[in-house]
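Thanks, everyone. I have one structure to go through today, and I will talk about aromatic rings and then a sheet. Here it is.

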Amino acid sequence: MCFRRKVQSPWQHTRQKALEHSGLGRRELGQQPGGHDHDLLLAVPTSRRNEHEVLGVTSAQPQRRVTTEHVGHLRRPLREVRERSSAGLQLRLGRDLRWYPYARSDGDWEPSGPPPADPAQDIASLLDDRSTVGLGPKVNGMSHAAAEKAALIGQVRSFLAWVGDGRKLTQTGRIGLADARHLVESLGTGDTFDPKIGDRVFKTKSSEELAHLNRIVEWAKAARLVRVTGTRLVPVKKNAALADKPLDLVLALLAAYPRLGKSLFPRNTWRQSIVGDEFTDISQALLTALLRHPQACPLAKLSEIAYDMIAARYQLARLTDMQHDSLRRTITVDTRIAMAALHVLGVVALDLDQGTATLTDLGRYAIRRVRGMAQPGESVLQVRITLGEVTDPPVWRRVLVPAGYTLDRVHAVIQAAMGWQNSHLHEFMIDDRRYGPSHPDEEQQAGDETQFRLGDVVKAGDLIGYAYDFGDGWEHELAIEAAVEAETDAVYPACTGGEGACPPEDSGGAPGFADLKALLAGPPSPERDEIREWAGDYDPARFDLTAASAAVAAI
């Protein structure tokens, strides 16, 4: 089925298999760096065959991850240690995300109580992973803890520890199968080597076939945590500190989320993913929809949003009913995959039984941070944008813009609210000073719009100018009507009102637009037919508030 688009480090994680351990009693590490008295000693293999190193877990490093095959009497891999003291600690074991309480008994660590019930919902059918981040308390004061609990954060941090100073790749730029086997086991991705279907065994020939591992790797690349240089996978040094900052790591991964179109969705000879092809825009629309729902958002609604965006960009009229049904099913599955990715990041609580996705408090905070949106209580400016010299009907929009937006983002809000295509130059005029895009090759006479925030150059009651398309000369007046506080469940920026359709691009400014409207309203003529062919079904009185608000919210 073919779719035609419309024009338009020392803590390396190796095989995670300890050949020996020194027990859980409190021991002295001797002359090791730092000379700490350690709560837990483990011997794990290094990257070299038959070599091991002893790792000490100290209370000064409460979130370091170490792994061993045997922990005391428990024959399960140790995944994580936290909350150590002289009296107790908690362990995560294997792929189980529950915290098991331990306490000292006769110098050894022993279980001090039953494990808690597992609150995570199994979404193995989508990404074969779990997340313990739920709706929880408000993110204020809890965001770091929530980020720390996200399943993907643990996997990415372990992956970065494995990368260390760099790892060799195959000639095709992929992780070798031996390394891939180690990562599948240590990260708990759930990928299967040499899958068996019926009586046939399909030999795994490349790590590219390990979908879940591949997604973690590609997500780390998209977030600029690692990069490929020749045939080596190396860390991006300027971002290395993110591994020790869970909340910042969530923000970096969320910012990279729209760039996962090629790696997140399954593709093969029989399956295409248009959601993946258009994910840069579809992902933003899905995040906006989630922001607009203070409670659970139906997955069916999210799928419909993705379908509508695809229908607006592709010629679907020629599809047979069977092809159309297949397309809708694929979009539904891909939308669930998109939500599952956010689930393991701790941004969304996904309930497949109820068919809903709900933003966690961490998610709502993170999306606002990544987009530069106003957090609850921060200043938002109410602005009326009026297109000059245009009447019958007048063309205006009312928008709510975070005061912290730089002028280049205000420009993007104006373009989206009005309906312009951002295909010409622009500038702001504020208190007799011009602001616009920076041009390094030219003498800068106007203020660089990326360096000035709206709330720093205007206040309620001010009038400022905005010019677009210096050829046609579209002049806009921006009236700063009020300053309000951002509400908890509101999405900013937002378009809250308006009137009249945006003139077509390159229609000759206000005089040319007036002539165009007169022709469209006049009697049939060859010239009118020619304008109709050029302008399509343009209606000067048409204004879609829902569409304008959706466009603005994506900025």
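I will start with a cluster: W420, Y468, W474, F513 and Y538 are linked by ring pairs. Please keep in mind that this is a predicted model.

How many aromatic pairs does a search of the whole structure find? The search gives ten. A pair of this kind is described by the distance between the ring centres and the angle between the planes.

Let me take W219 and Y257. Their ring centres are 6.1 Å apart and the planes are at 35°, so this pair is tilted. Where do the two residues lie? W219 is in helix α4, residues 211-222, and Y257 is in the loop between α5 (246-256) and α6 (261-264). The pair therefore ties together parts that are 38 residues apart in sequence.

Y257 also pairs with F279. Here the ring centres are 5.1 Å apart with the planes at 75°, so the pair is edge-to-face. This one links distant parts of the chain too: Y257 in the loop between α5 and α6, and F279 in helix α8, residues 279-292, with the two positions 22 residues apart in sequence.

Buried or exposed, then, for W219? W219 is buried, at a relative accessible area of 3%. Y257 is buried as well, at 1%. F279 has 0% relative accessibility and so counts as buried. The cut-off for buried is under 20% relative accessible area.

Next, charges over rings. The charged end of R384 sits over the ring of W396, 4.0 Å from the ring centre. For R409, the charged end sits over the ring of Y405, and the distance to the centre is 4.1 Å.

Now the sheet. Eight strands make up an open sheet with mixed pairing, and the order is β22-β21-β20-β23-β24-β18-β19-β25. Which strands are at the edges? They are β22, residues 447-448, and β25, residues 494-499, and each of these pairs on one side only.

Within that order, look at β20 and β23, which stand next to each other. Strand β20 covers residues 426-430 and strand β23 covers residues 463-468. The two run antiparallel and are joined by four bridges. As for single residues, M429 stands opposite G465 in β23.

That is what I wanted to show. Thank you.

Notes:
Residues are numbered from 1 along each chain as its sequence is written. This is a predicted model: local features need pLDDT of at least 70, side-chain atom pairs count only at pLDDT 80 or more; totals for chains, interfaces and linings use all residues. Side-chain values use heavy atoms; hydrogens and water are left out. Rings of Phe, Tyr and Trp (its six-membered ring) pair if their centres lie within 6.5 Å; planes under 30 degrees apart count as stacked, over 60 as edge-to-face and the rest as tilted. Buried means under 20% relative accessible area, exposed over 50%, partly exposed in between (1.4 Å probe, protein chains only). A charge sits over a ring if NZ of Lys or CZ of Arg is within 6 Å of the ring centre and within 35 degrees of the ring normal. Two strands pair if DSSP finds at least two bridges between them.
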